[in-house]
Amino acid sequence: MQATKCFEEDDASSRLEELQLSLEDVLYAVGFGEAAANSCTKNDPVTLSGMLRWGRTLRGLRDRCGRNGWKLSRSGGLETIVSPCGKRAIAVTTGNANTGLGPAPKSKYPKGPTTESAVSSNEQLWLFPPERPAKVDGQRQTWILLLSPGEEQVFCELSLPVSIGSDGRIDGWLERIILPPVDRDQLPDVVPKDSGPDIDIPVVRKTS
């Protein structure tokens, strides 16, 4: 396999623009997800913060990128957003400590068959690129927005996976777009857009 292409700083912003994305929107989504994870307390289930980080980051992408024609997809049970041209999808997952840094990262946890299928499709597209624009999931590149929360910053990158190791973790990348880390003291407020005013229901005691 050819060497991984890495894009950093100005090159990262330019590469995102080629993919019909803005650095501002992607970093907003990362911060939105982390702010949601930070809302958990010790009384929450231990898995909730990770679920919120994943789910709210994905929602942040859909909220912001949807304004530019990206659409949500749940094809095959894989939650993604899909580019206006239909050629690219983005999923969100947690990466290991190499995420957003120099050494090649891995996904923190083993992936299921749906993600494995998407990564295999990436590999096939790399080896045998289609002659015409992608129309269906089997002809679509699936990128991964990797997140790695640290004590003061959230490290992240948008990368194109092409292999999964024997341990079930994504471990090979055709491209890596290294994003600036998101500072924890600059996270956005987490206020759901669909939240409404509190409803005050009067309670009247019945009299006999």
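This report covers the fold, strand pairing, ring contacts, main pocket and unusual backbone angles of a predicted model.

## Overall fold

The protein has four helices and eight strands. Along the sequence they follow the order β-α-α-α-β-β-β-α-β-β-β-β. The chain holds 208 residues, and buried ones make up 39% of them.

## Strand 4 and its partners

Strand 4 spans residues 88-94. Six of its seven residues are buried, so strand 4 is largely enclosed by the rest of the structure. Strand 4 pairs with strand 3 and with strand 5.

The partner strand 3 covers residues 80-82. Strand 3 and strand 4 run antiparallel and are joined by two bridges. Within this pairing, I81 stands opposite I90. The two strands form a hairpin, with five residues between them. G86 lies in that turn and has a positive phi of about 80°.

The partner strand 5 covers residues 141-149. Here the sense is parallel, and the pairing runs over seven bridges. T93 of strand 4 stands opposite L146 of strand 5. In a regular strand, side chains alternate between the two faces of the sheet.

## Strand 7 and its partners

Strand 7 runs from 170 to 178 and is mostly covered. Eight of its nine residues are buried. Its pairing with strand 1 is parallel and has three bridges. Strand 1 covers residues 5-7. F7 stands opposite I177 in this pairing.

Strand 6, residues 153-164, pairs with strand 7 in the antiparallel sense. Seven bridges connect the two. I164 has I170 of strand 7 as its bridge partner. Strand 6 and strand 7 also form a hairpin, with five residues between the strands. In this hairpin, G168 takes a positive phi near 85°.

## Ring contacts

One aromatic pair turns up in a search of the whole structure. Its members are Y28 and F32. The ring centres are 5.7 Å apart, and the planes meet at 20°. The pair counts as stacked because its angle falls under the 30 degrees cut-off. Both residues belong to helix 2, which covers residues 23-38. They are four residues apart, about one turn of the helix.

The two rings belong to residues in separate burial classes. Y28 has 25% relative accessibility, so it counts as partly exposed. F32 has 3%, so it counts as buried. The relevant cut-off for buried is under 20% relative accessible area.

Charged side chains add two further ring contacts. The charged end of R64 sits over the ring of Y28, at 4.3 Å from its centre. Y28 therefore has a stacked partner in F32 and a charge over its ring from R64, while being partly exposed. The other case involves R15 and F7. The charged end of R15 sits over the F7 ring, 5.9 Å from the ring centre. F7 is also the residue opposite I177 in strand 7.

## The largest pocket

The largest pocket has a volume of about 600 Å³. Its lining consists of 23 residues. Nearest the pocket centre lie W54, V92, T93, T94 and K111. T93 also takes part in strand pairing, opposite L146.

Which elements give two or more residues to the lining of the largest pocket? They are helix 3 (48-65), strand 4 (88-94), helix 4 (113-127) and strand 5 (141-149). Two of these elements, strand 4 and strand 5, pair in the parallel sense. By residue class, the lining divides into nine nonpolar, ten polar and four charged.

## Positive phi outside glycine

E9 has a positive phi near 50° and is not a glycine. E9 sits in the loop between strand 1 and helix 1, the latter covering residues 10-18. Is E9 buried or exposed? Its relative accessible area is 69%, so E9 is exposed.

Q20 is another non-glycine residue with a positive phi, here about 65°. Q20 belongs to the loop between helix 1 and helix 2. With 36% relative accessibility, Q20 counts as partly exposed.

Note on methods:
Residues are numbered from 1 along each chain as its sequence is written. This is a predicted model: local features need pLDDT of at least 70, side-chain atom pairs count only at pLDDT 80 or more; totals for chains, interfaces and linings use all residues. Side-chain values use heavy atoms; hydrogens and water are left out. Rings of Phe, Tyr and Trp (its six-membered ring) pair if their centres lie within 6.5 Å; planes under 30 degrees apart count as stacked, over 60 as edge-to-face and the rest as tilted. Buried means under 20% relative accessible area, exposed over 50%, partly exposed in between (1.4 Å probe, protein chains only). A charge sits over a ring if NZ of Lys or CZ of Arg is within 6 Å of the ring centre and within 35 degrees of the ring normal. On a 1 Å grid over the protein atoms alone, a cavity is a set of points where a 1.4 Å probe fits but cannot get out, and a pocket is an open set with protein on both sides within 12 Å along at least five of seven lines; lining residues have an atom within 4 Å of a point. Grid points are joined across faces, edges and corners, and a volume is the space filled by probe spheres set on the points. Ala, Val, Leu, Ile, Met, Phe, Trp, Tyr, Cys and Pro count as nonpolar, Asp, Glu, Lys and Arg as charged, and the others, Gly among them, as polar. Two strands pair if DSSP finds at least two bridges between them.
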